[in-house]
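Q: Please take a close look at one part of this protein, beginning with its disulfides. Then show how that part fits into the rest.

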Amino acid sequence: HRHGWRDCHYMMLPASYARYLGQLGAKRRYNLKRQQRLLSERAGGELCLLPIERAEQLEALQQALALCCQPAQRAQLWDCAEQAALAQRGLLLCYRLDAGSHPCGVVLGLQSGGVYHLFNILAHPRWQALSAGTTLLQLALADLCDQRHCHRLEFGYGSPALAHQSCNQLSRRSH
């Protein structure tokens, strides 16, 4: 533990997204559905989640990243070569959320076994007020639970900018 101990946030994922929703209160479920509906209506189209895991899908990821983050922030993220290497090794699992023809956000992450490591949720500035990041995370959770059978979602070190979800847990890890 060269750099000491730090909190790491994670969430255990149930076997289905329906079970995940069952852990939430009725008001929270209503608000999530409402956020999805409003984003779809205002962005001008049906919401479509695109999982990105292969090299031939990286252009769609690059297009969305160009819209969802400033160049200075973009320079801190994986570059094209790193994304391609991760895809080649079967580790890359990112998500792009579109509403009609409009990219609304991107999730950058890796999947290894039954664990998903989430690094960034980047919402398009135009759609941030409509909770595009929250909607993107919820749709990604549905895919992780129902299609990929992940059992754990790792958020990484530190404290989230927003209030902790009641289902988030902490573990102390050496950094």
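A: **Disulfides and helix packing**

The disulfide count is zero, a disulfide being a pair of cysteine sulfur atoms within 2.5 Å. Cys-68 is in no disulfide; its nearest cysteine sulfur belongs to Cys-69, 7.1 Å away. Cys-150 is unpaired because its sulfur lies 8.0 Å from the closest one, in Cys-145, too far for a bond. Cys-68 has 6% relative accessibility, so it counts as buried. Cys-150, at 3%, is buried as well. Buried means under 20% relative accessible area, exposed over 50%, partly exposed in between (1.4 Å probe, protein chains only).

This is a predicted model: local features need pLDDT of at least 70, side-chain atom pairs count only at pLDDT 80 or more, and totals for chains, interfaces and linings use all residues. Residues are numbered from 1 along each chain as its sequence is written, and side-chain values use heavy atoms, with hydrogens and water left out.

Cys-68 belongs to helix H3, residues 58-68. Helices (H or I, at least four residues) and strands (E, at least two) are DSSP runs, numbered from the N terminus. The other buried residues of H3 are Leu-58, Ala-60, Leu-61, Gln-62, Ala-64 and Leu-65. What do the buried residues of H3 pack against? The partners are helices H4 (71-74) and H5 (80-88), plus strands S2 (47-52), S3 (94-99), S4 (102-112) and S5 (115-123). Contact here means heavy atoms within 4.5 Å.

Now H5. Its buried residues are Gln-83, Leu-86 and Ala-87. They cover an arc of only 100° around the axis, so they sit on the same side of H5; the arc is that of the directions from the helix axis to the C-beta atoms. The buried residues of H5 pack against H3, H4 and S4. Exposed Ala-81 and Gln-88 are on the face turned away from the buried side of H5. At the start of H5, a side-chain oxygen of Asp-79 comes within 3.1 Å of the backbone nitrogen of Ala-81. Gly-90 follows H5, with a positive phi near 75°.

Next, the cores. A nonpolar core is a set of buried Ala, Val, Leu, Ile, Met, Phe, Trp, Tyr and Cys residues joined through side-chain atoms within 4.5 Å. The largest has 31 residues, and Leu-39 and Tyr-116 have the most contacts inside it. Helices H1 (17-22), H2 (26-43) and H6, with S3, S4 and S5, each give two or more residues to this core. H6 supplies its largest share, eight residues. Apart from this core lies another, of 18 residues; Leu-61 and Leu-65 are among them. Both leucines are buried residues of H3.

H6 spans residues 132-146 and includes Gln-138. Why does Gln-138 count as buried? Because its relative accessible area is 2%. Beyond neighbours within four places in sequence, Gln-138 contacts Tyr-17, Tyr-20, Arg-28, Leu-32 and Gln-36. The side chains of Gln-138 and Tyr-20 share a polar contact of 3.4 Å.

Finally, the whole protein. It has six helices and seven strands, in the order β-α-α-β-α-α-α-β-β-β-α-β-β. Of its 175 residues, 46% are buried. Among contacts with a separation of 6 or more, 69% join residues 24 or more positions apart.

Terms used: Polar contact = N/O pair within 3.5 Å; in protein donor to acceptor, adjacent residues only side chain to side chain.
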